[in-house]
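I opened a new page in my notebook for this structure. Here is what I looked up, entry by entry.

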Amino acid sequence: MMKNPNDHDEEEILRSYEQDEWVSVRDFKKLREEYAAYAHNTFKKNKRINIRISESDLSRLKAKSLEEGIPYQTLVSSLIHRYVTGKISS
């Protein structure tokens, strides 16, 4: 019988959980509200920009977005929003 390609990932998640590698998020309510605001702002976009970046930066950006589990354009938008609102600095 052929294994589902997701089985390996699921097994890894289960192994990680069973070995107590997971930790609770501090102040989950605040973090959830923060991400809900990001999501809300994502859907009320009404302007478009075009930028040129190096291929290697784009590749790394896409890799980071996969780690975060969000589309890379959403990640860029989130980073810009956090920067202009003072939540991150240069």
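**Entry: the largest pocket**

I started with the lining of the largest pocket and asked which helices each supply at least two residues to it. They turned out to be helix H2 (28–43), helix H3 (55–68) and helix H4 (72–84). H4 gives the most, with seven residues. I should jot down right away that I'm working with a predicted model.

Next I looked up the volume of the largest pocket, and it comes to about 840 Å³. There are 22 residues in the lining, and the closest to the pocket's centre are Lys45, Ile49, Gln73, Val76 and Ser77. I sorted the lining by class too: nine residues are nonpolar, eight are polar and five are charged.

A reminder to myself on how one finds such places: rolling a probe the size of a water molecule over the atoms shows where empty space is left.

**Entry: the second largest pocket**

Then I went to the second largest pocket, which has a volume of about 190 Å³. I wrote down its lining in full: Tyr35, Tyr38, Ala39, Thr42, Glu68, Ile70, Thr74, Leu75, Ser78 and Arg82. The elements that give two or more residues here are H2 and H4. By class, I got five nonpolar, three polar and two charged residues for this lining.

**Entry: H3 against H4**

How do H3 and H4 pack, and at what angle? I found an angle of about 95°, and the two axes are 8 Å apart. Angles of 65 to 115 degrees count as roughly perpendicular, so H3 and H4 are roughly perpendicular to each other.

I also checked who meets whom. From H3 there are Leu58, Leu61, Lys62, Lys64 and Ser65, and on the H4 side they meet Tyr72, Leu75 and Val76. Sorted by class, this contact has five nonpolar residues, one polar residue and two charged ones.

**Entry: two residues of H3**

Is serine 65 buried or exposed? Serine 65 sits in helix H3, and its relative accessibility is 5%. Buried means under 20%, so serine 65 counts as buried. I skipped its neighbours within four places in sequence and looked at what else serine 65 is in contact with: Ile70, Pro71, Tyr72 and Leu75.

Lysine 62 is in helix H3 as well. Its relative accessible area is 37%, so I put lysine 62 down as partly exposed. I also took a distance, C-alpha to C-alpha: lysine 62 and alanine 37 are 22 Å apart in space, while in sequence they are 25 residues apart.

**Entry: odd phi values**

I went looking for unusual backbone angles. Most residues other than glycine have a negative phi. Aspartate 20 doesn't follow that, since its phi is positive, near 55°. I found aspartate 20 in the loop between helix H1 (5–18) and H2. With a relative accessible area of 67%, aspartate 20 is exposed, because exposed means over 50%.

Where is aspartate 27? It is in the loop between H1 and H2, and the phi of aspartate 27 is positive too, near 50°.

**Entry: arginine 52**

My last lookup was arginine 52, which I found in the loop between H2 and H3. Its relative accessibility is 82%, so arginine 52 counts as exposed. I took one more C-alpha distance here: arginine 52 and glutamate 21 are separated by 39 Å, and they lie 31 residues apart along the chain.

Technical notes:
Residues are numbered from 1 along each chain as its sequence is written. This is a predicted model: local features need pLDDT of at least 70, side-chain atom pairs count only at pLDDT 80 or more; totals for chains, interfaces and linings use all residues. Side-chain values use heavy atoms; hydrogens and water are left out. On a 1 Å grid over the protein atoms alone, a cavity is a set of points where a 1.4 Å probe fits but cannot get out, and a pocket is an open set with protein on both sides within 12 Å along at least five of seven lines; lining residues have an atom within 4 Å of a point. Grid points are joined across faces, edges and corners, and a volume is the space filled by probe spheres set on the points. Helices (H or I, at least four residues) and strands (E, at least two) are DSSP runs, numbered from the N terminus. Ala, Val, Leu, Ile, Met, Phe, Trp, Tyr, Cys and Pro count as nonpolar, Asp, Glu, Lys and Arg as charged, and the others, Gly among them, as polar. Axes are lines fitted to C-alpha atoms, for helices over the stretch in contact, and angles run from 0 to 180 degrees between N-to-C directions. Angles under 35 degrees count as roughly parallel, over 145 as roughly antiparallel, 65 to 115 as roughly perpendicular and the rest as oblique. Contact means heavy atoms within 4.5 Å. Buried means under 20% relative accessible area, exposed over 50%, partly exposed in between (1.4 Å probe, protein chains only).
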